[in-house]
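Got the viewer open? Here is a short walk through the model, one selection at a time.

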Number of protein chains: 4
Amino acid sequence: MIVSRAEVRVRYAETDMMGIAYHGNYLPWFEIGRTTLLREQGLPYAELERMGYRLPVLQVRAKYRRPALYDDVLTIVTTMKEQPILRIRLDYRVLRGEELLATGHTEHAFINHENQPVRPPPQFVARMKELFG
Amino acid sequence: MIVSRAEVRVRYAETDMMGIAYHGNYLPWFEIGRTTLLREQGLPYAELERMGYRLPVLQVRAKYRRPALYDDVLTIVTTMKEQPILRIRLDYRVLRGEELLATGHTEHAFINHENQPVRPPPQFVARMKELFG
Amino acid sequence: MIVSRAEVRVRYAETDMMGIAYHGNYLPWFEIGRTTLLREQGLPYAELERMGYRLPVLQVRAKYRRPALYDDVLTIVTTMKEQPILRIRLDYRVLRGEELLATGHTEHAFINHENQPVRPPPQFVARMKELFG
Amino acid sequence: MIVSRAEVRVRYAETDMMGIAYHGNYLPWFEIGRTTLLREQGLPYAELERMGYRLPVLQVRAKYRRPALYDDVLTIVTTMKEQPILRIRLDYRVLRGEELLATGHTEHAFINHENQPVRPPPQFVARMKELFG
């Protein structure tokens, strides 16, 4: 299991007229979570793209428990629970201190620049084997 | 069952460096779908807010099948399949012509300005009774 | 002088906790204005990109007079006042009915896919000659 | 003169199909710059709002010199050059290391919750006097 933590501070631009962070903005925060996880594992996403890979979101789910407010400092906890084969699943928790604000997950698969599904890059496969043994 | 159709044209601002519409932007499109549905039923959301109600998103799910591209004209088909009691569920399909690009759903519940769950506004209840008999 | 009108309805996602449309969202609205103008002149921007051209924003200015509110239907009036040589300047007015909410302008220049400045595409030049005589 | 520095890392969500950060996203970055400046001066914007003040953007200008790319770590340098009387002007520079990517400025004025122009909050006035002497 790989766990990563990233911090975001809620921007004014991310609030809506309900006075809270707009629910759609959690998706970019999840994205920050997973790119931080990849970077920490020596697999920066920008480099994967330069090597010809893309990792689009196939599906996303988010559950909102409590609102995030402007200027809140949030922690995005991203977890890869299982060794990915073709599909990669990531789970997210959004916290304000100890308080759980939202949960979610995304599913991904590698594609090439012609939008065709491909096997994960060798570096990715090697690193996953190391981690999940 | 209530069905509503709304059109959006993909903005340049909504694309990402993959050359497609960023997956997070489907959530504002779902929002356009449901506010169009409410407006068509004589229940504009802006009015519900003025009456002291709010209808936050409790959860959202989206599945992406094919990418939407810049300048595409998309149809958001929003469906309310069942008469809502306390929870309101809406289903979405995002189409480019006949082609299905994405599906999703959201769940909502009415709250007041103190963020407490409340019964739906009387107009809403009356209209739902009319529609679902 | 070329004038074009486009309509946008303010999305919930575009509001902020001040209860009004976030000032940054006027830039995507200006973008809708100029792409509508180009489309109406037979020069859809998507096609210009396919031909190898890009038209980035070099500078932007916006002045906000009155707030736009959620669900407002706005008209973006885009004007090209002078025949563009290398630089293209567009002026914008954002209206709610007769009421002027904001003004702005952008400046652009054509570049190629290597980010080098290039002369405008021949179709563009020909159309501008027709229009500005 | 007050100077403040804030860091942002370009999000995937902030890129567009040109492969660079969408020009509109510099406005939220400017906003991060000025809220960081206010926080560092002991005047967090969230607190000013709780005290009944708002500080909307009256105008904004941005000039783009070089594109910012996905995953770039940018520094937003925000400067208040003159003691604000009723209008507050802030200048921004967006840097990647030593390289200047963009410049801009915004103008603001305090309003109350009824959207009427008001004098700046006493704490703000006192702090500005201290700083600009």
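Start with chain B and pick its helix α1, residues 26-40. In this predicted model, α1(B) lies across five strands of its own chain, β1, β2, β3, β4 and β5 (99-109). Look along β1(B) and you'll find the helix running at about 130° to that strand.

Stay in chain B and select β3 (residues 73-80) together with β4 (residues 87-96). How many bridges join β3(B) to β4(B)? Five, and the two strands run antiparallel. For a spot to zoom in on, take Ile76(B), which stands opposite Val94(B) in β4(B).

Now bring in chain A and colour the strands of both chains. You should see an open sheet of 10 strands with antiparallel pairing. Trace the order from one end to the other: β1(A)-β3(A)-β4(A)-β5(A)-β2(A)-β2(B)-β5(B)-β4(B)-β3(B)-β1(B). Which strands stand at the edges? They are β1 (2-9) of chain A and β1 (2-9) of chain B; each has a single partner strand, so one side of each is left without a neighbour in the sheet. As you step across, neighbouring strands are turned by 15° against each other on average, ignoring direction.

Next, go to where the two chains join within that sheet. Select β2(A) and β2(B), residues 57-64 in chain B: this is an antiparallel pair over five bridges. Lys63(A) is a handy landmark here, standing opposite Gln59(B) in β2(B).

Widen the selection to the whole contact between chains A and B, which takes 15 residues from each of them. On the chain A side, the elements giving two or more residues are α1 (26-40) and β2 (57-64). The largest share of that side, eight residues, comes from β2(A). Colour the chain A side by residue class and you get nine nonpolar, three polar and three charged.

Keep chain B on screen and switch to chain D. The contact between chains D and B takes nine residues from each chain. On the chain D side, these divide into five nonpolar, three polar and one charged. Try superposing the pair: a turn of 180° with a shift of 0.0 Å along the axis lays chain D on chain B with an RMSD of 0.0 Å. That is the relation of a two-fold axis. The same surface serves both copies, with 100% of the contact residues of chain D recurring in chain B. Which residue of chain D comes closest to the rotation axis? Click on Asp16(D): its C-alpha is 1.9 Å away from the axis.

While you're in chain D, select α1, residues 26-40. At 1.5 Å a residue, its 15 residues should span 21 Å, and the end C-alpha atoms are 21 Å apart, which agrees. Is this helix mostly covered or mostly open? Mostly covered: 11 of the 15 residues are buried, among them Trp29(D), Phe30(D), Glu31(D) and Arg34(D). Just after the helix, stop at Gly42(D), which takes a positive phi of about 80°.

One last stop in chain D: the loop between β2 (57-64) and β3 (73-80), where Asp71(D) lies. Its phi is near 75°, a positive value in a residue other than glycine. Asp71(D) counts as partly exposed, with 17 C-beta neighbours inside 10 Å. Then hop over to chain C and select Asp71(C), where phi is again near 75°. Asp71(C) sits in the loop between β2 (57-64) and β3 (73-80) of chain C.

Key
Residues are numbered from 1 along each chain as its sequence is written. Chains are lettered from A and ligands numbered from 1 in the order in which they are written. This is a predicted model: local features need pLDDT of at least 70, side-chain atom pairs count only at pLDDT 80 or more; totals for chains, interfaces and linings use all residues. Two residues are in contact if their C-beta atoms, placed from the backbone, lie within 7 Å. Ala, Val, Leu, Ile, Met, Phe, Trp, Tyr, Cys and Pro count as nonpolar, Asp, Glu, Lys and Arg as charged, and the others, Gly among them, as polar. Copies are superposed by least squares on the C-alpha atoms of residues with pLDDT of at least 70 in both. Helices (H or I, at least four residues) and strands (E, at least two) are DSSP runs, numbered from the N terminus. The expected span of a helix is 1.5 Å times one less than its number of residues. A residue is buried if 20 or more other C-beta atoms lie within 10 Å of its own, exposed if 12 or fewer, and partly exposed in between; C-beta atoms are placed from the backbone. Two strands pair if DSSP finds at least two bridges between them. Axes are lines fitted to C-alpha atoms, for helices over the stretch in contact, and angles run from 0 to 180 degrees between N-to-C directions.
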